[in-house]
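Visitor: I'm new to this one, so please start with the big picture and then give me a close look at a single part. Let's make it one helix, along with whatever lies around it.

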Amino acid sequence: MRVGIKALVLERWHELRATGAALSLFPNAWRALDALGVSHKLTSIYAPAERGYFTNLSSGAIQEVSYTGINGNNGGPITVHRKALLEALAEDLPTNSIRFSCKITAIETEAYEGSSLAVVHLEDGTVIKTKALIGCDGVHSKVASWLGLATPVESGRSGVRGLAVFPQGHGLKKQEAHQFVGAGRRAGFIPLTDKEAYWGLACASQANKGAYLRDPIEIQREVLENYAKDMPELYQDIVKHSNLSTLTWAPLMFRQPWKVAFGTLSKQNVTVAGDAMHPMTPDLGQGGCLALEDAVVLGRHIGRCVRQNGGLAPREITNALADYAEERRWRAAWLITGSFLSGWVQHGGSTWGLRFFRDAIFYKFLFRRILGVVDYDCGKLA
Ligand SMILES: Cc1cc2nc3c(=O)[nH]c(=O)nc-3n(C[C@H](O)[C@H](O)[C@H](O)COP(=O)(O)OP(=O)(O)OC[C@H]3O[C@@H](n4cnc5c(N)ncnc54)[C@H](O)[C@@H]3O)c2cc1C
């Protein structure tokens with residue numbers, strides 16, 4: 001849009017969709033938001049985490065990790081409401097750039113000026129033709145399957161998320177994140193504002209529970225009665241204060257990293273970004289951060305193409321999208337791998353060797369290094 005191209009966002013939901021309540025954004029995401037010109041809208045409201053407390057549920061040992069000073073930063077991740085992030089991004093778009101209740105059902109291409117146009121079919125029968133199609137349609141992406149990318153697989157774990165609301169204030173320190181790790185479970189919470197805290201739980205998936213765990217009351221009961229019963233009262237209290245409309249329970253999915261490293265990430269004038277390209281387990285909190293990086297890198301390639309050709313030349317845009325995909329391919333594949341390994345270490349069970357690795361090596365030495373990997377600069381927009 002900054003280089004004068006008209007863009008249209010098609011969203012199947014009837015409004016900005018904020019499933020998941022909140023998300024933690026690391027320095028790489030803040031650099032991307034800087035490049036997009038929206039970071040100031042969020043940093044004025046949300047504060048960076050300064051400390052993390054990791055409790056081993058078996059031994060009761062608590063490990064404190066300071067985020068201050070990591071890679072020269074003033075703090076760790078900043079956790080924001082998803083809605084606030086989406087609104088900050090959407091506000092900068094020209095009016096009518098987002099069309100809601102538009103579900104893409106099929107995609108095809110047709111020949112155009114020696115290249116191709118993407119033809120998008122919507123559920124209501126509308127057909128839209130475009131010189132460039134960017135699929136940002138999440139883990140079950142229609143665009144990714146049109147490209148022939150491998151279907152994401154289940155990790156064997158599920159993620160539960162919710163937003164707790166304390167009308168009188170929760171009295172917690174806003175800059176402190178808490179995690180509780182036990183065999184096959186990892187839970188945590190972080191205050192968002194003086195009255196709200198975001199909480200989550202990752203646990204082994206149980207095949208027979210899929211159906212009723214769509215009901216928020218059942219989700220809350222299942223967490224309290226089974227997964228959190230030996231956790232500190234504070235965590236249980238936070239779960240009890242959940243706004244039920246924010247509770248979700250979903251399998252954690254990822255695309256196998258080699259399928260991203262060697263898969264078709266762009267074809268003709270079609271490519272993918274965000275979870276549509278690189279769904280990953282949330283163990284490094286990087287899926288959304290990487291999606292923001294994608295936006296900047298993609299914008300830079302398209303912008304360069306438009307400036308050099310005086311508009312969206314169909315043949316050149318194909319090359320621009322291919323260059324973008326190549327730039328993202330390995331970073332995405334490595335982060336999927338890192339997230340999966342991180343989850344495996346932290347959830348892996350209670351064997352002596354794994355416990356020793358987790359408590360004596362992972363949190364003491366590796367965790368800060370992993371945080372370093374997310375200190376990435378995707379660059380600026382021209
Ligand atoms: C438990 C959990 C915790 C997480 N925590 C973090 C975190 O702390 N930090 C972080 O960075 N990431 C985190 N993530 C990952 C993050 O949620 C995703 O990576 C991020 O939401 C991806 O954004 P996206 O826009 O690519 O996809 P989505 O957020 O899934 O958005 C896709 C959009 O496309 C729309 N859509 C889908 N299909 C169609 C269609 N056919 N037609 C039209 N519209 C369609 C959907 O309605 C949706 O609005 C977490 C994930 C999980 C599961």
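Guide: Let's begin with how the chain folds back on itself: of the contacts in the protein with a separation of 6 or more, 75% are between residues 24 or more positions apart. Two residues are in contact here if their C-beta atoms, placed from the backbone, lie within 7 Å. Keep in mind that this is a predicted model, where local features need pLDDT of at least 70 and side-chain atom pairs count only at pLDDT 80 or more, while totals for chains, interfaces and linings use all residues. Residue numbers run from 1 along each chain as its sequence is written.

Now the overall build. The protein has ten helices and 17 strands; these are DSSP runs numbered from the N terminus, with helices being H or I of at least four residues and strands E of at least two. The C-alpha trace spans about 65 × 45 × 45 Å along its principal axes. A compact globule of 382 residues would have a radius of gyration near 21 Å, and the protein has 21 Å, so the two agree. That radius is taken over C-alpha atoms, and the globule rule is 2.2 Å times the number of residues to the power 0.38. Buried residues make up 39% of the 382. Buried means that 20 or more other C-beta atoms lie within 10 Å of a residue's own, exposed means 12 or fewer, and partly exposed is in between, again with C-beta atoms placed from the backbone.

The helix I'd pick is α8, and the ligand is a good way in. Around the ligand sit 29 residues, the closest being Gly 138, Gly 159, Gly 274, Gly 287 and Gly 288. Three elements give two or more residues to this shell: β2 (22–25), β11 (153–165) and α8 (287–309). Being near the ligand means having a C-beta atom, placed from the backbone, within 6 Å of it. Which element provides the largest share of the shell? That's our α8, with four residues. Sorted by class, the shell has eleven nonpolar, ten polar and eight charged residues. Ala, Val, Leu, Ile, Met, Phe, Trp, Tyr, Cys and Pro count as nonpolar, Asp, Glu, Lys and Arg as charged, and the others, Gly among them, as polar.

As for α8 itself, its 23 residues should span 33 Å at 1.5 Å a residue, and its end C-alpha atoms are indeed 33 Å apart. The expected span is 1.5 Å times one less than the number of residues. After α8 comes Gly 310, with a positive phi near 70 degrees.

Within α8, have a look at Ala 295. This alanine counts as buried because 21 other C-beta atoms lie within 10 Å. Leaving out residues up to four places away in sequence, Ala 295 touches Ala 32, Leu 36 and Ala 273. Ala 35 is 260 residues from Ala 295 in sequence, yet their C-alpha atoms are 9.7 Å apart in space.

For another view, follow β11, which also gives residues to the ligand shell. In the loop between α4 (142–147) and β11 you'll find Thr 151, which is partly exposed, with 13 other C-beta atoms within 10 Å. From Thr 151 to Lys 259 is 108 residues in sequence but 9.3 Å in space, C-alpha to C-alpha.

β11 also helps to cover another helix, α5: the cover over its buried residues includes β11, β14 (196–204), α6 (233–240) and β15 (248–254). Helix α5 (residues 216–227) has twelve residues and reaches 15 Å from first C-alpha to last, close to the 16 Å expected. Its buried residues are Ile 219, Glu 222 and Val 223. Seen down the axis, they fall within an arc of 95 degrees, so they line one face of α5; the arc is that of the directions from the helix axis to the C-beta atoms. On the face turned away, you'll see the exposed Ile 217 and Glu 225.

One last stop is Trp 199, in strand β14. It is buried, with 25 C-beta neighbours inside 10 Å, and its contacts beyond four places in sequence include Gly 162, Ala 164 and Val 239.
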